[in-house]
Amino acid sequence: MTPAQARAVVLDFLNADLYARMTRFVAADRRALVDAFRNWGEKYAVTLSDLEQEREASAKRLRGYLEELGYA
């Protein structure tokens, strides 16, 4: 094997190794990003209108309790 051929073999090996490592890192980061978005989606799945309706229902119940106790 000539020095040029040996150099080409070594560079091909290093290139393949670097490509495999970069692919693993990108895949891991992609999974982490997808998991973060999935968590945000689950966390903020409740809409503002749902929260407002729940707040109004709770306020109505609270007014009822306060009236029963004679505070309103």
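What follows is a walk through the shape, contacts and surface of a predicted model of one chain.

Start with the overall picture. The chain contains two helices and zero strands. The C-alpha trace spans about 100 × 20 × 10 Å along its principal axes, so this is anything but a ball by the globule rule. In numbers, a compact globule of 72 residues would have a radius of gyration near 11 Å, whereas the chain has 31 Å. The burial count goes with that picture: buried residues make up 0% of the 72 residues. Since buried means under 20% relative accessible area, that is the cut-off behind the zero. The accessible surface of the chain adds up to about 6900 Å², and carbon and sulfur atoms account for 61% of that area.

Now for the helices themselves. Helix 1 covers residues 3–43, and helix 2 covers residues 48–69. Helix 2 has 22 residues and runs 31 Å from its first C-alpha to its last, which is close to the 32 Å expected at 1.5 Å a residue. Right after helix 2 comes G70, and its phi is positive, near 85°.

Next come the charged side chains. Side chains of opposite charge can pair when their charged atoms come close. A search of the whole structure turns up three salt bridges. One of them links R21 and D17, with 3.2 Å from N to O. Both residues sit in helix 1, four residues apart, or about one turn of the helix. Why does that spacing matter? An α-helix has 3.6 residues a turn, so residues three or four places apart point the same way. Neither partner is tucked away: R21 is partly exposed at 43% relative accessibility, and D17 is partly exposed at 31%.

Another salt bridge joins the side chains of D35 and R38, this time at 3.5 Å from N to O. D35 and R38 are separated by about one helical turn because they are three residues apart in helix 1. Both count as partly exposed, D35 at 40% relative accessibility and R38 with a relative accessible area of 47%. The remaining bridge brings together E56 and R55, with 3.1 Å from N to O. E56 is partly exposed too, at 42% relative accessibility.

The aromatic rings tell a shorter story. Searching the whole structure gives one aromatic pair. That pair is F37 and W40, arranged edge-to-face, with 5.1 Å centre to centre and 80° between the planes. F37 and W40 both belong to helix 1 and lie three residues apart, again about one turn of the helix. Are these two residues buried or exposed? F37 is exposed, because its relative accessible area is 52% and the cut-off for exposed is over 50%. W40 falls on the other side of that line, so it counts as partly exposed at 47%.

Finally, there is a greasy spot on the outside. L62, Y65, L66, L69 and Y71 make a nonpolar surface patch of about 580 Å². Y65, one member of this patch, is placed in helix 2. Y65 is partly exposed, with a relative accessible area of 48%.

Terms used: Residues numbered from 1 in each chain as written. Predicted model: local features only at pLDDT ≥ 70, side-chain atom pairs only at ≥ 80, totals over all residues. Heavy atoms only, no water. Patch = residues over 30% accessible without salt bridge, like charges linked within 9 Å, V, L, I, M, F, W, Y side chains within 5 Å. Areas by Shrake-Rupley, 256 points an atom, 1.4 Å probe, with all protein chains shown as cover. Salt bridge = Lys/Arg side-chain N within 4 Å of Asp/Glu carboxyl O. Buried < 20%, exposed > 50% of the residue type's maximum accessible area, 1.4 Å probe, protein only. Phe/Tyr/Trp six-rings, centres within 6.5 Å; stacked < 30°, edge-to-face > 60°. Expected span 1.5 Å × (residues − 1). Rg over C-alpha atoms; globule rule 2.2 N^0.38 Å.
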